[in-house]
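Trainee: Could you take me through one part of this model in close detail? I'd like to hear about the largest pocket and whatever helps me place it.

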Amino acid sequence: MRAVMLKEFQELRRDHRTLAMLIVLPLLLLVIFGYAANFNVEHLTVTVVGSDSQDVVDFIDADDDLSDHLEVVATEPDGDADTAEEVLRDNQSDVAIVASGGDWTAYIDGSNLFAAQSAVGLFAQVSQGLAQQQAQAAAQGQQVDVPTLETEVLFNPDLTTSWVMIPAIIGLILTFIGTIVTSIGLVREREAGTFEQLAVMPLRASGVILGKITPYFLLASFDMALVTVLGLLLFGVPFNGPVALFVVGAALFLFVVLGLGVLISSVSQTTGQAIQLALLTLLPQILLSGMIFPLDAMAAGVRWIGYLLPLTYFTMVSQGVMVRGAGWDSLWLPLTVLAVMAVVVFGVAVIRLRRSLAPAAPKERPKAERESVGAGR
C-alpha cells in the first residue's frame with residue numbers, strides 16, 4: 001500500500017494541471033463566495049431630471065442614510081419622464097427621478113433585478129417618511145410643502161426573475177458549447193492521431209481553426225435561437241430591441257468562447273486536461289459575470305475580475321436588447337470589448353495551433369554517435 005501511495009503522489013506531482021485544480025479551485029470558490037456572494041446592492045446611481053432637480057439633490061445630501069446609498073451622477077433640469085426612460089434604457093444609472101411642481105417620481109430600471117429590488121425597498125421607506133412628515137404637519141396645523149414621491153419600475157414592472165435570467169442563460173449555453181464541447185472535440189482528434197495528419201496538409205492554421213469551429217458555431221447558433229424562442233414563449237420574456245444587434249453581439253461572443261475552446265485544446269493532450277482547463281474558465285464566468293451575483297454588490301477587486309470575462313459583456317448586450325430595448329448607441333461599449341476579445345483570443349489560438357501543427361525537427365545525433373558511424377563507413 002505504501003508503494004501505491006508513493007506512486008500516486010508522484011503522479012500527482014507530475015500532473016501540474018490537476019495539482020492546480022486541487023489548489024486553485026478551492027481558493028477561487030473561497031474568494032467568490034466570500035466577496036461576491038451578495039445579493040444586496042447597497043450603492044445605487046441616480047439621475048435627477050425636472051425643474052425641481054436641485055431640491056432632490058439637496059434632499060439626498062441632507063440625509064446621511066440616503067447619501068450613503070444614493071449617488072447622484074447627473075442632473076438635467078430641462079428633462080422629463082421621456083428623458084428619465086432614455087437614461088435608464090441607455091444604462092446610465094439605476095434610478096432616474098423626475099421632480100417637478102412638488103411631485104417626485106422615481107423610475108427604476110427593472111432589468112437590473114437586484115439593484116431594482118434594493119431601490120424599491122429604499123424608496124418605499126423614503127415615501128413613507130415623507131407621508132409621515134405631511135401627516136405631522138397637518139396635525140399641528142402647519143403649512144409645510146412636503147413633496148410626494150411615487151415609484152415606478154420600467155422594463156420589468158413585476159421584477160420577474162426569468163426576464164433577467166433567460167438572456168444570461170443564453171450566454172451560458174454558448175459558453176458551454178464554445179469552451180467545453182469544442183475543446184473536448186478537438187482533443188479527441190489529437191488522442192486518435194487524426195489531428196497530427198493536418199501537419200502534412202497544405203493548410204494554414206487559421207483555415208484549420210475556421211474549419212474546426214464552423215460546426216460548433218452552427219450548433220451553438222441553433223441552440224441560441226431555440227433557447228431564445230422558448231424563453232419568449234414559455235416565460236414571456238420580452239424582446240424589445242433590434243434583432244440584428246442581438247445577433248451581432250451573440251456572434252462576437254461565440255467567436256470568443258470558441259477561440260477559448262481552441263486555445264484550451266491546443267495546450268491539452270488528453271480529454272481530462274481539456275475538461276479541467278474548461279471548468280477553470282467556465283466557473284468564474286458563471287459566478288462573476290453578474291449572472292447570479294450582481295456586479296454592483298461585489299468587492300472592488302472581485303468585480304474587476306468580472307469585467308475581464310466575456311460573459312459579462314454578452315449579458316449586458318442580451319439583457320439590454322431583450323428587456324430594455326436598447327439600441328446600438330447604448331451598447332457600443334460591450335460590443336467593442338467583445339470584438340477586441342475575439343481578435344485577441346483567436347490570434348493567440350492561431351499561434352498556438354500553428355506551433356502544435358508544425359512538424360517536429362529531427363534531433364541531432366550526439367557527436368560520439370556520429371563519429372562511430374563515420375568510422376564504420
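**The largest pocket and its surroundings**

Mentor: Let's warm up at a loop residue: Q269 has a relative accessible area of 48%, so it counts as partly exposed. Q269 sits in the loop between α9 (243-266) and α10 (271-288). In sequence, 81 residues separate Q269 from R188, yet their C-alpha atoms are 8.9 Å apart in space. Keep in mind that this is a predicted model.

Now the pocket you asked about. The largest pocket encloses about 1,000 Å³ of space. Its lining takes in 37 residues, and those nearest the centre are N91, N112, D296, Y307 and M316. Four helices each put at least two residues into that lining: α6 (113-139), α7 (161-192), α12 (310-324) and α13 (332-357). Of the contributors, α12 gives the most, with six residues. As for chemistry, the lining of the largest pocket splits into 17 nonpolar, 13 polar and seven charged residues.

N91 deserves a pause, as one of the residues nearest the pocket centre. You'll find N91 in the loop between α5 (81-89) and β3 (95-100). With a relative accessible area of 43%, N91 is partly exposed, because the band for that class runs from 20% to 50%. Its backbone is worth a look too: phi of N91 is near 60°, a positive value in a residue other than glycine. For context, most residues other than glycine have a negative phi. L159 is another non-glycine residue with a positive phi, about 50° in this case. The loop that holds L159 runs between β5 (148-154) and α7, and α7 is one of the helices that line the largest pocket. L159 has a relative accessible area of 18%, so it is buried.

Going back to α5, the helix before the N91 loop, you'll find the one salt bridge in the structure. R89 pairs there with E85, and the closest N and O atoms are 2.9 Å apart. Both residues lie in helix α5, four residues apart, which is about one turn of the helix. R89 is partly exposed, since its relative accessible area is 24%, and E85 is partly exposed as well because its value is 29%.

What about enclosed space, to set against the pocket? The structure holds one cavity of 30 Å³ or more, and the largest cavity has a volume of about 70 Å³. Its lining is made by V56, F59, I60, L66, L70, I97, W104, F123, V126 and L149. Two elements give two or more residues to that lining, α3 (53-62) and α6, with α3 supplying the largest share at three residues. Helix α6 therefore turns up in this lining and also in that of the largest pocket. By class, the cavity lining has ten nonpolar residues, no polar ones and no charged ones, whereas the pocket lining includes 13 polar and seven charged residues.

One last stop, out on the surface. F222, L226, V229, L230, L233, L234 and F235 make a nonpolar surface patch of about 730 Å². F222 is placed in helix α8 (residues 205-234), and it counts as exposed because its relative accessibility is 52%.

Definitions and conventions. Residues are numbered from 1 along each chain as its sequence is written. This is a predicted model: local features need pLDDT of at least 70, side-chain atom pairs count only at pLDDT 80 or more; totals for chains, interfaces and linings use all residues. Side-chain values use heavy atoms; hydrogens and water are left out. Patches are made of residues with over 30% relative accessible area and no salt bridge: like charges are joined within 9 Å, nonpolar side chains (Val, Leu, Ile, Met, Phe, Trp, Tyr) within 5 Å. Accessible areas come from the Shrake-Rupley method with a 1.4 Å probe; for residues, only the protein chains shown count as cover. A salt bridge is a side-chain nitrogen of Lys or Arg within 4 Å of a carboxyl oxygen of Asp or Glu. Buried means under 20% relative accessible area, exposed over 50%, partly exposed in between (1.4 Å probe, protein chains only). On a 1 Å grid over the protein atoms alone, a cavity is a set of points where a 1.4 Å probe fits but cannot get out, and a pocket is an open set with protein on both sides within 12 Å along at least five of seven lines; lining residues have an atom within 4 Å of a point. Grid points are joined across faces, edges and corners, and a volume is the space filled by probe spheres set on the points. Ala, Val, Leu, Ile, Met, Phe, Trp, Tyr, Cys and Pro count as nonpolar, Asp, Glu, Lys and Arg as charged, and the others, Gly among them, as polar.
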